[in-house]
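Please open the model in your viewer and keep the sequence panel beside it, since this tour moves from one selection to the next.

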Amino acid sequence: MNKKEVLAIILGGGQGSRLYPLTESRSKPAVPIAGKYRLVDIPISNCINSDIKRMFVLTQFNSASLNQHIKNTYHFSYFSTAFVDILAAEQTPENPTWFQGTADAVRQCMQHFLNHEFDYALILSGDQLYQMDFNQMINAHQKNGAAITIATLPVSAKEAPEFGILKTDENSWITSFIEKPKAELLPQWTSDVSEEMQQEGRHYLASMGIYIFNRDLLIELMNNPDTKDFGKEIIPQAIGHQKVLSYQYEGYWTDIGNIDSFFEANLGLTDDIPKFNLFDNSSKIYTRARVLPPGKILGKTTIEQSIVAEGCIINSATIEHSVVGIRSRIDEGTLVKNSYIMGSDFYQNLDELNHNITHNIKNIGIGKRCFIHNTIVDKNCRIGNDVYLNGGKHLEDINTKLYTIKEGIIVIKKGAVIPDGFRIE
């Protein structure tokens with residue numbers, strides 16, 4: 001396949017309210033993940049690993065940090081046609097409104113896509129964690145002469161009501177679609193899945209929000225301004241009128257749509273054999289190439305089942321089942337357990353550190369004798385000494401100036417200053 005046939009369109013998502021407060025000052029694709037990456041690095045890396053190197057990222061909320069990340073990260077040869085371009089929502093005489101949905105976002109940006117030659121548009125979400133070779137999906141699309149191909153994931157009866165569920169015939173053509181079906185309807189929505197998936201009780205095919213459209217059909221569908229969303233309108237309306245193919249994917253995939261799933265996905269990376277493999281030569285995750293020193297571990301530090309990114313300084317602390325992001329500073333006597341510490345965007349020099357100490361100003365990082373459990377600490381936070389943060393289901397949801405609690409997970413907001421002795425328990 002000639003990769004010039006494929007143009008990738010990555011949807012940045014809406015306001016990201018379910019990921020608040022991580023999206024308070026950044027767009028959803030710019031949220032840090034795994035200590036050193038951004039969410040948008042996942043679909044971009046999947047494209048690069050599939051040798052698809054012409055990508056647009058569509059966004060409209062808090063896009064400054066995303067713009068900066070992509071500008072500083074994805075540089076291709078001057079003699080290459082490869083690019084990763086951001087298209088932020090813009091008001092024009094023809095389009096006086098912001099993006100009204102996934103399909104509307106693509107519609108408003110069509111003029112930019114049509115400046116490039118392509119036969120197939122690969123439409124991806126910017127907030128999913130997975131590793132996929134898109135070539136196999138594209139080959140299936142071509143081989144079967146499909147007009148639209150949808151990546152589908154076998155799911156269980158417990159999971160099915162959370163997804164759009166598709167029903168296929170024996171040749172993997174999609175015959176019907178239902179959005180978030182009730183449990184009593186599920187028996188009539190089973191599809192053919194592999195024997196392994198059957199043994200796991202995964203009899204239903206969920207849409208992953210990953211689509212391939214033939215260029216001419218996409219242009220035709222985008223001519224109807226009344227359809228705003230792919231999952232709710234474009235796909236259901238196409239079934240029965242177009243050749244819509246199901247491409248079954250059986251690997252790890254999770255939709256990072258809320259704080260709970262985001263937290264679980266990050267901590268899952270610390271497993272002995274994680275479902276999402278960061279250590280795969282053939283499926284590398286690309287991100288900004290920072291010039292950072294190796295991590296420094298001082299004193300009697302204990303680290304168990306954790307990921308520690310580069311540039312950290314950990315002094316006589318205990319880290320258990322946690323992800324510690326770039327440039328994190330954790331002081332002596334502190335226990336970090338079952339938590340994600342995002343780290344810092346910059347270092348404070350020695351003069352600044354000493355000045356802060358003499359003037360009783362908190363330094364960036366986590367102070368002495370703290371207890372951090374079931375917590376996300378966003379970037380550039382200043383946590384004082386003897387701070388006690390014990391997240392769990394016993395806590396009620398709340399939103400304050402310094403922190404938010406959702407589903408029992410404490411989220412310390414970006415740049416928050418937490419005073420000595422502060423407690424959430």
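Strands, labelled E, are DSSP runs of at least two residues, numbered from the N terminus. The model on the screen is predicted, which is worth bearing in mind at each stop.

Begin by selecting residues 296-298, which make up strand E14, and pick out isoleucine 297 within that strand. Isoleucine 297 has a relative accessibility of 45%, and because partly exposed covers the range between 20% and 50%, this residue counts as partly exposed. Now add Ile303 and Val308 to the selection: together with Ile297 they form a nonpolar patch on the surface, with about 210 Å² of accessible area in total.

Next, select strand E4, residues 54-59, where six of the six residues are buried. Both faces of E4 are covered, with Arg54, Phe56 and Leu58 buried on one side and Met55, Val57 and Thr59 buried on the other. Extend the selection to strand E1, residues 6-11, which runs parallel to E4 and is joined to it by four bridges; one place to look is alanine 8, whose bridge partner in E4 is methionine 55. Then add strand E5, residues 83-88, which pairs with E4 in the parallel sense over six bridges, including the one between leucine 58 and leucine 87 of E5.

Finally, select helix H9, residues 259-268, which is largely enclosed by the rest of the structure because seven of its 10 residues are buried. Among them are Phe262, Phe263 and Leu267. At the N-terminal end of H9, display the side chain of asparagine 258, which caps the helix with a side-chain oxygen 3.2 Å from the backbone nitrogen of aspartate 260.

Definitions and conventions: Residues numbered from 1 in each chain as written. Predicted model: local features only at pLDDT ≥ 70, side-chain atom pairs only at ≥ 80, totals over all residues. Heavy atoms only, no water. Buried < 20%, exposed > 50% of the residue type's maximum accessible area, 1.4 Å probe, protein only. Pairing = 2+ DSSP bridges. Polar contact = N/O pair within 3.5 Å; in protein donor to acceptor, adjacent residues only side chain to side chain. Patch = residues over 30% accessible without salt bridge, like charges linked within 9 Å, V, L, I, M, F, W, Y side chains within 5 Å. Areas by Shrake-Rupley, 256 points an atom, 1.4 Å probe, with all protein chains shown as cover. Salt bridge = Lys/Arg side-chain N within 4 Å of Asp/Glu carboxyl O.
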